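The exercises below ask you to read a protein structure step by step, and each task is followed by a worked solution. Try each task with the structure in view before you read on.

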Amino acid sequence: MSLRVTFLGTGGAVPTTERAPSAVLCNREGDRLLFDCGEGTQRQMMRFGTGFTVDHVFVSHLHGDHVLGLPGLVQTMDFNDRNEPLAVHCPPNATRHLHDLVHAAGHDPGFQVRINEVAPGNVALETDEYAVRAFETSHGTRSQGYVLEEDDRLGRFDRAKAEELGVPVGPKFGRLHEGEPVELADGTVIRPEQVVGPPRPGRRLVYTADTRPQERTVEVAAEADLLIHDATFADDMADRARKTAHSTGREAAEIATRADVARLALIHVSSRYAGDASAIEREAREAFSGECFIPADGRKLDVPYPDV
């Protein structure tokens, strides 16, 4: 099962020629999930070849650099004769504002836009294979991040062991792997636990959007495969980070270290660092020994299973 992240917008509130405002697209085996939709997101989709086929949009909060791309994207979808409904998940009490955005300039989409308020701690989207749930963040306004967590996978099937026990190659292999005992021709019953290992964990992706470093993020991101965290400033602007309820790269890295995540992506880079954001990344690497990077707009990242 593929899980690919495309960083459409990695900049802060003020866009630059190199970085657009917040937007992260996750493609999980064809399910396309967009986390935030800052100004110009639809153009970034064209620029980086992702297309507009989005099933769900997850809004972290109502600041403009996270939602102002929504009306343009919806109108473009409409111009492209979209028929499928679009789900927009958001914090509580955001429905009216998002409805006004979707219908900006009197536009009435020809497809259904469902706005789903979800409180922190609750599930925004649940499928047979994964779920996306919200968690509270700290940004001086009602804000939340999102966790995409896959269900456990089946354990590894030991074919050699199955053949040794006399299981014939064929459908009985699949039944055993799915947890069903099988009976051999001589009446012997082979149980799944004899040939199938323990369940294997799925992947977990955590998106904080704008936030101060907080204990809740450590909890939800524990051993995550990818943490995408606010890193608006370098250490030279630590006071500004506190006043504006953002994080520095070092603070994001300290969260990643405590959560023992595999990879850390630093986003929401302030326009102050438009010429050179290396200080944010350098300081983060001093506090986190795992893979740590500031993605450029357009970077695509495949997230592997933890046991691969």
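**Exercise 1. The protein as a whole**

Task: How many helices and strands are there in the protein, and what does its C-alpha trace span along its principal axes?

Solution: Begin with the elements of this predicted model: there are ten helices and 16 strands in the protein. Next, turn to the extent of the C-alpha trace, which spans about 75 × 50 × 35 Å along its principal axes. Then consider the surface: the accessible surface of the protein comes to about 13,800 Å², and 46% of this belongs to carbon and sulfur atoms. Finally, of the 308 residues, 52% count as buried.

**Exercise 2. The order of a sheet**

Task: Work out in which order the seven strands of the open sheet stand, and explain why one side of strands S6 and S16 is left without a neighbour in the sheet.

Solution: First, follow the sheet across from one strand to the next, which gives the order S6-S5-S4-S3-S2-S1-S16, with mixed pairing. Second, look at the two ends of this order: strand S6 (113-117) and strand S16 (300-302) stand at the edges and have a single partner strand each, so one side of each is left without a neighbour in the sheet. Third, note the twist, which averages 20° from one strand to the next.

Now take the pair at the S16 end: strand S1 (residues 3-9) pairs with S16 in the antiparallel sense, over three bridges, and Val5 stands opposite Leu301 in S16. As a last step, find helix H4 (residues 95-102), which packs on the sheet and touches strand S5 (86-90) and S6, while the direction of H4 makes about 160° with that of S6.

**Exercise 3. The surroundings of one residue**

Task: Decide whether Glu149 is buried, partly exposed or exposed, and find which residue joins its side chain in a polar contact of 2.8 Å.

Solution: Start by placing the residue, since Glu149 lies in strand S9 (residues 144-150). For its exposure, recall that buried means under 20% relative accessible area and exposed means over 50%, with partly exposed in between; Glu149 has 29% relative accessibility, and therefore counts as partly exposed.

Then list its contacts: leaving aside residues up to four places away in sequence, Glu149 touches Tyr130, Ala131, Arg133, Arg203 and Arg204. With Arg133, the side chain of Glu149 makes the polar contact of 2.8 Å. Finally, compare sequence with space: Glu149 and Leu205 are 56 residues apart in sequence, but their C-alpha atoms are 6.6 Å apart.

Notes
Residues numbered from 1 in each chain as written. Predicted model: local features only at pLDDT ≥ 70, side-chain atom pairs only at ≥ 80, totals over all residues. Heavy atoms only, no water. Pairing = 2+ DSSP bridges. Helix = DSSP H or I, 4+ residues; strand = E, 2+ residues; numbered from the N terminus. Axes fitted to C-alpha atoms, helices over the stretch in contact; angles between N-to-C directions. Contact = heavy atoms within 4.5 Å. Buried < 20%, exposed > 50% of the residue type's maximum accessible area, 1.4 Å probe, protein only. Polar contact = N/O pair within 3.5 Å; in protein donor to acceptor, adjacent residues only side chain to side chain. Areas by Shrake-Rupley, 256 points an atom, 1.4 Å probe, with all protein chains shown as cover.
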